[in-house]
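I opened this entry to look up how the ligand is held. After that I turned to the backbone.

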Amino acid sequence: MEKIVINGGRPLYGDIEVSGMKNAAGAILIATLLVSDKCIIENLPCINDVATTLEILRHMNVEVRMLDKNTVEIDTRNAIGGTSPLDLVRRMRSSYYLYGAELGRYGRAYAGYPGGCDFGVRPIDQHIKGFEALGATVTCEGGYVEAVAPSGGLRGANIFFDLNTVGGTINVMLAAVRAKGTTIIENAAREPHVVDVANFLNTCGANITGAGTDTIRIKGVDKLKGCTYAIIPDMIEAGTYMIAAAATKGRLRIKNVIPKHLESISAKLEEMGVSVEMGDDYVTVWRDGPLYRVNVKTLPYPGFPTDMQPQMCVLMCLADGVSYLNESIFENRFRYVEELKRMGANIKVDGHTAIIEGGTPLSAAQVHAHDLRAGAALVIAGLATEGRTEIEEIQHIERGYDNLVGKLQSVGADIRKVILPDSYGLAKAN
Ligand code: EPZ
């Protein structure tokens, strides 16, 4: 076990390089199963979810060769469908892309139900609706999902999603890319990683148009060929560092970003009195005055991202006045509030809205990371607070942030990882 220890209250100054996007990498690595050839994927983040995904592929008889720490060569010619190990599949949400990729490649998918951050019920009914529209028969039994195409193979269909789903949009795209005929997905998710997956598949010879809009058209092709593809930068990692700069009253230049992806985050920060300067592939963020209160509602892209919700809550705690934060995407994404209250935050959660009374400094404390972005938010809270803050359960953070501690140390944070003796876990358990 490990924990993060922070001596906070120091402004962050300097440059930080953003890594490849976690939620694009997870989908694209699994999408290589559709290609049945060699692919080289570049700009991979060094995070546990990528390591888990590559381990799953190896278990499926896929040849995986790291060319360097951010580049992998994947050969899926001898991949065996339906063989993903349940214990690895259950570690993350993006395992569900195995359904679409196996269905698209073999005409049959068989994999365990995914894991991932606990925000309440996270159904996959829209994924199943899409697969069934393409002609597949889907059964969910004993913690596994099985999808079987008809003997003539999947056929293109018109699918209208009942709600905005990133995973559902990508999964149906994977299943449809080699189906007979044309599939049209309406009410599709528009997130940048949906576009990245479509671009990867098109680079392999697929015929997908409209990704990034709410209507995606997929003309089925017989075969895909291997390619070399670089993952887009992680907009949520970038946004996390933008908020860290504002929270610590420092100045950070965050490099290797696509500014367009950060527009909703920049707009809210400027509303709070934070300065944001956009370059071609970087964004500079600084604050030298007070933080003003603000209202935020999380929305599908291009709205304010739900994956930035906990981080924004911390900034609202530091702002003068009462801010309102509405979570419109997930059932319950406020578990981290209890941890912020241990640091003296004055937050009341009323259904899907957190009411944050800012203005009083937080106090250092020992806290727990319940999930990936909540953990990142607690790191920001510790950085912005005088004294020693300790964060446990940091395995959640390591699922999705590439070298968070090292990157923060490089811009002046007094932060380090401490390995806890095994007895510590036992002592806490008793
Ligand atoms: C993806 O989750 C991301 N995860 C999440 O990022 C992100 O928060 C989310 O998209 C929204 O942007 C990955 O890409 C691995 P959804 P996903 O399908 O696909 C409901 C992070 O921190 N829904 O867009 O699960 C669902 O319950 C993680 O990086 C259905 O009801 O999100 C949720 O309320 C956290 N039925 C809403 O829709 C379905 O069939 C949006 O879910 C599918 C979804």
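**Ligand contacts**

I began with polar atoms around the ligand. Asparagine 23 has a side-chain N or O atom 3.0 Å from an oxygen atom of the ligand. The model is predicted, and I kept that in mind throughout.

Next I checked the backbone. A polar backbone atom of valine 166 lies 2.8 Å from a ligand oxygen atom. At proline 123, a polar backbone atom is 3.3 Å from a nitrogen atom of the ligand.

How much of the ligand's accessible area does the protein cover? On its own the ligand has 830 Å² of accessible area, and the protein covers 92% of that.

**Pocket and shell**

I then asked where the ligand sits. The ligand is in the largest pocket. Four elements each give two or more residues to the shell around the ligand: helix H1 (22-31), helix H5 (125-133), helix H6 (166-176) and helix H12 (372-383). H5 provides the largest share, three residues.

I listed the residues that come nearest. Among the 25 residues around the ligand, these are Tyr96, Gln126, Thr165, Asp307 and Ile329.

I sorted the shell by class. Ten of its residues are nonpolar, eight are polar and seven are charged.

Which domains supply the shell? Domain 1 (2-19 + 233-429) and domain 2 (22-230) each give at least three residues.

**Backbone checks**

Most peptide bonds are trans, and most residues other than glycine have a negative phi. I looked for departures from both habits.

The bond from tyrosine 301 to proline 302 is cis, with omega near 10°. I placed proline 302 in the loop between strand S17 (295-297) and helix H10 (309-317).

Asparagine 256 is not a glycine, yet its phi is positive, near 65°. I found asparagine 256 in the loop that runs between strand S14 (251-255) and helix H9 (263-271).

Note on methods
Residues are numbered from 1 along each chain as its sequence is written. This is a predicted model: local features need pLDDT of at least 70, side-chain atom pairs count only at pLDDT 80 or more; totals for chains, interfaces and linings use all residues. Side-chain values use heavy atoms; hydrogens and water are left out. A residue is near a molecule or strand if one of its heavy atoms lies within 4 Å of it. A polar contact is a pair of N or O atoms within 3.5 Å; within protein, one must be able to donate a hydrogen and the other to accept it, and residues adjacent in sequence count only if both atoms are side-chain atoms. Accessible areas come from the Shrake-Rupley method with a 1.4 Å probe; for residues, only the protein chains shown count as cover. On a 1 Å grid over the protein atoms alone, a cavity is a set of points where a 1.4 Å probe fits but cannot get out, and a pocket is an open set with protein on both sides within 12 Å along at least five of seven lines; lining residues have an atom within 4 Å of a point. A molecule sits in a cavity or pocket if more than half of its atoms lie within 2 Å of its grid points. Ala, Val, Leu, Ile, Met, Phe, Trp, Tyr, Cys and Pro count as nonpolar, Asp, Glu, Lys and Arg as charged, and the others, Gly among them, as polar. Domain bounds come from an automatic or database domain assignment.
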